[in-house]
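I opened this model to work through its contacts and its fold. My notes follow in the order I looked things up.

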Amino acid sequence: MDDVKGTYELLPSGKYRLRYPVGTNEKGQPIRISKTIAAKNDKAAFKELILWNMEIEDKGYSELDVITFKNFYHDHWLKA
């Protein structure tokens, strides 16, 4: 699935960390949200990442601490 945003990684604890990009800061560095899950293997973690992608894209993501006027302009205003 090529349109899945984000990554997953196995942590030393045996759990997986899911990361999803939500934009960039004023220096151009990516801003990501993360979620830790328990999964049996990489395939199960990837499935959870897909479900989390769908949830975020359906509900949207907005955290006032992350949104700057510049990000709003580039990410939302220009796309409308």
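**Entry 1: the charged pair**

I began with R17, which forms a salt bridge with E9; their closest N and O atoms are 2.7 Å apart. I note at the outset that this is a predicted model. I then searched the whole structure for salt bridges and found one.

How accessible is R17? I read a relative accessible area of 28%, so R17 is partly exposed. For E9 I read 33%, so E9 also falls between the 20% and 50% cut-offs and counts as partly exposed.

**Entry 2: strand pairing**

Next I traced the strands. Strand 1 covers residues 7-10 and strand 2 covers residues 16-24. I counted four bridges between them, in the antiparallel sense. I looked up two of the partners. L10 is bridged to Y16 of strand 2. Y8 is bridged to L18, again in strand 2.

I went on to strand 3, residues 30-37. Strand 3 pairs with strand 2 over eight bridges, also antiparallel. Here Y16 has I37 as its bridge partner in strand 3. I marked Y16 in my notes, with L10 as a partner in one pairing and I37 in the other.

**Entry 3: the hairpins**

I checked the links between strands. The hairpin of strand 1 and strand 2 has five residues between the strands. In this hairpin G14 takes a positive phi near 95°. The hairpin of strand 2 and strand 3 likewise has five residues between its strands. There the residue I noted is G28, with a positive phi near 85°.

**Entry 4: the sheet**

What is the order of the strands in the sheet? I wrote down 1-2-3, an open sheet of three strands with antiparallel pairing. Strand 1 and strand 3 stand at the edges with a single partner strand each, so one side of each has no neighbour in the sheet. From one strand to the next the twist averages 25°.

**Entry 5: the helix**

I then placed helix 1, residues 42-59. Helix 1 lies across strand 1, strand 2 and strand 3. I read its angle to strand 2 as about 35°.

What does A45 touch, leaving out residues up to four places away in sequence? I listed Y8, Y16, L18, I37 and A39.

**Entry 6: the aromatic rings**

I searched the whole structure for aromatic pairs and got three. One aromatic cluster is formed by Y8, Y16 and F46. Y8 and Y16 were already in my notes as contacts of A45.

**Entry 7: the core**

Which residues make up the largest nonpolar core? I listed 12: V4, Y16, L18, Y20, I33, I37, A39, A45, L49, I50, W52 and I56. Strand 2, strand 3 and helix 1 each supply at least two of these residues. Helix 1 gives the largest share of the core, five residues. In soluble globular proteins, nonpolar side chains tend to be buried together.

I closed with I56, a residue of helix 1. Is I56 buried or exposed? Its relative accessible area is 9%, under the 20% cut-off, so I56 counts as buried. I also took the distance from I56 to V22. The two are 34 residues apart in sequence, and their C-alpha atoms are 9.8 Å apart in space.

Methods
Residues are numbered from 1 along each chain as its sequence is written. This is a predicted model: local features need pLDDT of at least 70, side-chain atom pairs count only at pLDDT 80 or more; totals for chains, interfaces and linings use all residues. Side-chain values use heavy atoms; hydrogens and water are left out. Two strands pair if DSSP finds at least two bridges between them. Helices (H or I, at least four residues) and strands (E, at least two) are DSSP runs, numbered from the N terminus. Axes are lines fitted to C-alpha atoms, for helices over the stretch in contact, and angles run from 0 to 180 degrees between N-to-C directions. Contact means heavy atoms within 4.5 Å. Rings of Phe, Tyr and Trp (its six-membered ring) pair if their centres lie within 6.5 Å; planes under 30 degrees apart count as stacked, over 60 as edge-to-face and the rest as tilted. A nonpolar core is a set of buried Ala, Val, Leu, Ile, Met, Phe, Trp, Tyr and Cys residues joined through side-chain atoms within 4.5 Å. Buried means under 20% relative accessible area, exposed over 50%, partly exposed in between (1.4 Å probe, protein chains only). A salt bridge is a side-chain nitrogen of Lys or Arg within 4 Å of a carboxyl oxygen of Asp or Glu.
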